[in-house]
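Got your viewer open? Load the model, pick a plain cartoon view, and keep the selection box handy.

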Amino acid sequence: MPNIPTIPLASWIDSIVDGLTKFEGFFNVITNIIGGVVNAFQWVFDLIPALLFILIVLAATFWINRKGKKWGLMIFELIGLLLILNLGFWRDMTQTLTLVLTSSLIALVVGVPLGIWMAKSEIVESIFKPVLDFMQTMPAFVYLIPAVAFFGIGMVPGVVASVIFAMPPTVRMTNLGIRQVSKELVEAADSFGSTPWQKLFKVQLPMAKSTMMAGINQSIMLALSMVVIASMIGAMGLGTRVYFAVGRNDAGGGFVAGIAIVIVAIILDRLTQAFNKKAGN
């Protein structure tokens with residue numbers, strides 16, 4: 001075979017990253033904004049006593065599932081959260097919730113408008129579809145490298161990496177939900193003289209709500225799946241417990257922390273699914 005020179009792709013990427021790190025002020029602003037959201041969530045969780053937090057979760061479940069099956073989930077939530085409290089993982093659990101909720105909130109704020117833009121423009125959809133494919137299929141560990149280079153160590157780079165990994169479902173499902181709205185309904189709105197904003201907020205988004213909520217549910221689960229990976233760059237929470245247990249070859253400690261993550265995942269999944277059903281009624 002002919003001696004073909006290797007494309008210096010890694011060097012090109014390193015040069016791009018090095019060039020972006022010069023915009024330190026921009027990344028400091030983003031760090032401060034995300035750090036403020038993280039601190040706000042954590043402050044609220046620290047302010048609420050554990051038992052009161054459990055009662056709030058149970059009350060929210062009862063309210064969301066007023067017309068559905070709720071008692072089984074409420075019993076699971078009560079037992080699961082009391083187990084986390086008994087194991088001494090409460091603070092770690094709230095830190096994990098802070099990471100997941102901050103990541104999901106940012107994914108929602110950025111992803112929904114982007115999904116709407118994609119639904120309104122074929123050109124935008126053709127541009128962003130490969131980008132979303134790239135974001136969703138790239139191994140999650142790879143995101144840690146630029147996150148640390150731009151944002152340092154701690155919760156903020158963990159949130160950034162989680163947002164990149166978790167945002168695609170929200171964007172895709174928002175785009176899909178709006179595109180699935182009946183053309184007859186859109187034409188009826190046009191015939192009544194609706195403005196584009198009225199058509200969006202009074203017809204398309206309400207009709208696409210169920211599909212969008214499914215995407216948000218997937219984003220929350222993907223953000224939660226990042227907690228162990230994000231612990232490698234200083235994001236605190238239950239993932240840190242698992243990461244330390246792996247380093248110490250502590251099977252029991254890692255398994256117990258993993259059970260706590262599973263409990264949190266099931267509660268978040270069931271609550272968002274129930275909210276989706278409520279929104280669809």
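Here is a tour that goes from the whole fold to single side chains.

**Before you click**

You're looking at a predicted model, where local features need pLDDT of at least 70, side-chain atom pairs count only at pLDDT 80 or more, and totals for chains, interfaces and linings use all residues. Residues are numbered from 1 along each chain as its sequence is written, and side-chain values use heavy atoms, with hydrogens and water left out.

**Stop 1: the whole chain**

Color by secondary structure. You'll find 13 helices and 0 strands; helices (H or I, at least four residues) and strands (E, at least two) are DSSP runs, numbered from the N terminus. The C-alpha trace spans about 70 × 65 × 45 Å along its principal axes.

Now switch on the surface. About 15600 Å² is exposed, and carbon and sulfur atoms supply 71% of that. Accessible areas come from the Shrake-Rupley method with a 1.4 Å probe, and for residues only the protein chains shown count as cover. Of the 281 residues, 43% are buried. Buried means under 20% relative accessible area, exposed means over 50%, and partly exposed is in between (1.4 Å probe, protein chains only).

If you like contact maps, take the contacts (heavy atoms within 4.5 Å) with a separation of 6 or more: 78% of them join residues 24 or more positions apart.

**Stop 2: the annotated spans**

Select 43-64, 71-90, 96-119, 140-167, 220-239 and 251-268: an unreviewed UniProt entry lists these as "transmembrane region". UniProt positions are in the numbering used here, feature names are shortened, and annotations may be inferred rather than shown by experiment.

Zoom in on two of them. Residues 43-64 are 91% helix and 0% strand, with the end C-alpha atoms 25 Å apart. Residues 220-239 are 60% helix and 0% strand, and there the end C-alpha atoms lie 16 Å apart.

**Stop 3: a greasy patch**

Select Leu 51, Ile 75, Leu 78, Ile 79, Leu 82 and Leu 85, which make a nonpolar surface patch of about 530 Å². Patches are made of residues with over 30% relative accessible area and no salt bridge; like charges are joined within 9 Å, nonpolar side chains (Val, Leu, Ile, Met, Phe, Trp, Tyr) within 5 Å. Which helix gives the largest share of the patch? That's helix α4 (residues 71-86), with 5 residues. Leu 82 sits in helix α4, and its relative accessible area of 37% makes it partly exposed.

**Stop 4: aromatic rings**

Show the rings as sticks. The structure holds 11 aromatic pairs: rings of Phe, Tyr and Trp (its six-membered ring) pair if their centres lie within 6.5 Å, and planes under 30 degrees apart count as stacked, over 60 as edge-to-face and the rest as tilted.

Start with Phe 27 and Phe 150. Their ring centres are 4.6 Å apart and their planes are at 0°, so the pair is stacked. This pair links distant parts of the chain, with Phe 27 in helix α2 (residues 24-47) and Phe 150 in helix α7 (residues 144-151), 123 residues apart. Both are buried. Add Phe 26 and Phe 151 to the selection, and you have a cluster linked by ring pairs.

Next, jump to Trp 197 and Phe 201, a stacked pair at 5.8 Å centre to centre and 15° between the planes. They're 4 residues apart in helix α10 (residues 196-225), about one helical turn. Trp 197 is exposed at 62% relative accessibility, while Phe 201 is partly exposed at 49%.

**Stop 5: salt bridges**

There are 7 salt bridges in the whole structure, each a side-chain nitrogen of Lys or Arg within 4 Å of a carboxyl oxygen of Asp or Glu.

Center on Glu 125, which is buried at 10% relative accessible area. What is the closest N to O distance in its salt bridge with Arg 179? It's 3.1 Å. That pair links distant parts of the chain, as Arg 179 is in helix α8 (residues 155-179) and Glu 125 in helix α6, 54 residues apart. Arg 179 is partly exposed at 33%.

Glu 125 also forms a salt bridge with Lys 129, with the closest N and O atoms 3.9 Å apart. Both lie in helix α6 (residues 122-137), 4 residues apart, about one turn of the helix. Lys 129 is partly exposed at 41%. Select Glu 122 as well to see the network of salt bridges that links Glu 122, Glu 125, Lys 129 and Arg 179.

Last stop: Arg 270 and Asp 269, a salt bridge with the closest N and O atoms 2.6 Å apart. Arg 270 is partly exposed at 39%, and Asp 269 is buried at 11%.
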